[in-house]
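Good morning, and thank you for coming. Please bring the model up on the screen, and I shall take us through its packing, its charged pairs and its rings.

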Amino acid sequence: MVKAISEFVKRSIDNNPNFSEWEKWWRKCGVEETVELAKECYRQQNPYI
């Protein structure tokens, strides 16, 4: 679910004409970090998976 939402957000960032290439890269990095944090939190709550 998190991965699907992150892909949707990344596409939205790519399609926004108001962002420069640098801004697109910066925002996508934030999305990727958020996905990694979500995975880490999930693993901590479910250590047997």
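**Packing between the helices**

I begin with I13, which is buried at a relative accessible area of 7%. For this term, buried is under 20% relative accessible area, exposed is over 50%, and partly exposed lies in between, with a 1.4 Å probe and protein chains only. The areas themselves come from the Shrake-Rupley method with a 1.4 Å probe, and for residues only the protein chains shown count as cover.

Before going further, I should say that this is a predicted model, in which local features need pLDDT of at least 70 and side-chain atom pairs count only at pLDDT 80 or more, while totals for chains, interfaces and linings use all residues. Residues are numbered from 1 along each chain as its sequence is written, and side-chain values use heavy atoms, with hydrogens and water left out.

I13 is placed in helix α1. Helices here are DSSP runs (H or I, at least four residues), as strands are (E, at least two), and both are numbered from the N terminus. Which residues does I13 touch, leaving aside its neighbours within four places in sequence? The contacts of I13 are F19, K24, R27, K28 and V31, where contact means heavy atoms within 4.5 Å. I13 and W25 are twelve residues apart along the chain, and their C-alpha atoms are separated by 9.0 Å.

K10 also belongs to helix α1, and at 17% relative accessible area K10 is buried. With neighbours within four places in sequence again set aside, K10 makes contact with K28, V31 and E32.

Turning to the other side of this packing, helix α2 covers residues 21-45. Helix α2 has 25 residues and reaches 36 Å from first C-alpha to last, close to the 36 Å expected at 1.5 Å a residue; the expected span is 1.5 Å times one less than the number of residues. Which residues of α2 are buried? They are K24, V31 and V35. The buried residues of α2 pack against α1.

**Charged pairs**

Side chains of opposite charge can pair when their charged atoms come close. A salt bridge is counted where a side-chain nitrogen of Lys or Arg lies within 4 Å of a carboxyl oxygen of Asp or Glu. How many salt bridges does a search of the whole structure find? The search gives five.

One of them joins the side chains of D14 and K28, at 2.6 Å from N to O. D14 lies in helix α1 and K28 in helix α2, so this pair ties together parts that are 14 residues apart in sequence. D14 is partly exposed at 37%, and K28 is likewise partly exposed, at 22%.

K10, described earlier, meets E7 in a salt bridge of 4.0 Å, N to O. These two residues are three apart in helix α1, about one helical turn. E7 is partly exposed at 32% relative accessibility. A network of salt bridges links E7, K10 and E32.

Within α2, the side chains of E21 and K24 form a salt bridge at 3.7 Å, N to O. Again the separation is three residues, about one turn of the helix. E21 is exposed, with 60% relative accessible area, whereas K24 is buried at 12%.

**Aromatic rings**

Rings of Phe, Tyr and Trp (its six-membered ring) pair if their centres lie within 6.5 Å; planes under 30 degrees apart count as stacked, over 60 as edge-to-face, and the rest as tilted. By this rule there are two aromatic pairs. The ring centres of W22 and W26 are 5.6 Å apart and the planes are at 5°, so the pair is stacked. W22 and W26 are four residues apart in helix α2, about one turn. An α-helix has 3.6 residues a turn, so residues three or four places apart point the same way. W22 is exposed at 55%, and W26 is exposed at 52%. For W25 and W26, the centres are 6.1 Å apart and the planes at 45°, so that pair is tilted. Ring pairs thus link W22, W25 and W26 into a cluster.

**A nonpolar patch**

Lastly, M1, I5, F8 and V9 make a nonpolar surface patch of about 450 Å². Patches consist of residues with over 30% relative accessible area and no salt bridge, with like charges joined within 9 Å and nonpolar side chains (Val, Leu, Ile, Met, Phe, Trp, Tyr) within 5 Å. V9 is in helix α1, residues 2-14.
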